Amino acid sequence: MEVELAQALQELSITLSLGYSLEQGIPRIAKKQSLLGNEFLRLEQDMLEHGKSLPQALFRAMERLDSEQIKQAFSQMVFVYEQGGEKSVAAEMLEQLSREMVREKILEIREYQAKLSAQSVFFIVCSAVVPALFFGFAVVGANFLDLELGTEHIWLAGLILFPGINLVF
């Protein structure tokens with residue numbers, strides 16, 4: 001649901017900037033076939049069928065949901081609703097929250113990408129560089145250093161040891 005939240009806030013912001021109310025924007029998001037769309041459908045049902053105000057429906061949804069981002073967005077929607085006044089200001093507030101959520105997601109992606117890059121380098125070192133150095137050492141060591149590494153030792157290292165190390169990491 002959190003993935004869809006920034007786009008939903010963007011749509012509500014556009015709805016407000018066009019002069020419509022939040023209540024009029026909620027059905028548009030409720031029509032979407034998604035988890036967030038289903039939650040907005042529940043908001044709409046709370047307002048229409050159970051006679052709750054938008055803030056009451058939003059507070060009820062915040063009690064149901066565990067996501068801090070969704071709670072923050074719904075709190076902002078309550079604030080926008082209760083402030084009333086200039087719809088362009090309210091639209092800007094929702095737009096800014098949407099942009100902030102997108103920025104947070106971008107930072108999370110960059111952090112994940114950095115971790116993945118480090119793991120990739122480590123994997124390459126374990127799967128290619130270390131075995132190549134080992135085999136080179138085995139050939140050179142066997143000839144010049146009088147190491148007793150037989151063919152079976154080299155085969156075992158290549159077939160069991162190095163793949164096993166790769167599985168661990």
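**How α6 and α7 pack, and two buried polar residues**

In this predicted model, helix α6 passes helix α7 in a right-handed crossing. α6 covers residues 87–144 and α7 covers residues 151–168. Their axes come within 10 Å and cross at roughly 160°. Angles over 145 degrees count as roughly antiparallel, and so that is the label α6 and α7 get relative to each other.

As for what touches what, the α6 side of the contact is made up of Phe123, Cys126, Ser127, Val130, Pro131, Phe134, Phe135 and Ala138. Across from them, α7 brings in Ile154, Ala157, Gly158, Phe162, Ile165 and Asn166. Sorted by character, the residues of this contact come out as eleven nonpolar and three polar, with no charged ones.

Elsewhere, Gln69 sits in helix α5, which takes in residues 68–83. Buried means under 20% relative accessible area, so Gln69, at 11%, makes the cut. Its side chain has a partner, too: a polar contact of 3.2 Å links Gln69 to the side chain of Glu104. Setting aside neighbours within four places in sequence, Gln69 also touches Glu2, Leu5, Met101 and Lys105, along with Glu104 itself.

Then there is Ser34, found in the loop between α2 (22–30) and α3 (35–48). Although it is a loop residue, Ser34 counts as buried because its relative accessibility is 18%. A polar atom of the Ser34 side chain lies 3.0 Å from the backbone nitrogen of Gly37.

Methods
Residues numbered from 1 in each chain as written. Predicted model: local features only at pLDDT ≥ 70, side-chain atom pairs only at ≥ 80, totals over all residues. Heavy atoms only, no water. Axes fitted to C-alpha atoms, helices over the stretch in contact; angles between N-to-C directions. Helix = DSSP H or I, 4+ residues; strand = E, 2+ residues; numbered from the N terminus. Parallel < 35°, antiparallel > 145°, perpendicular 65-115°, else oblique. Left-handed = near helix turned anticlockwise from the far one by under 90°. Contact = heavy atoms within 4.5 Å. Nonpolar A, V, L, I, M, F, W, Y, C, P; charged D, E, K, R; others polar. Buried < 20%, exposed > 50% of the residue type's maximum accessible area, 1.4 Å probe, protein only. Polar contact = N/O pair within 3.5 Å; in protein donor to acceptor, adjacent residues only side chain to side chain.
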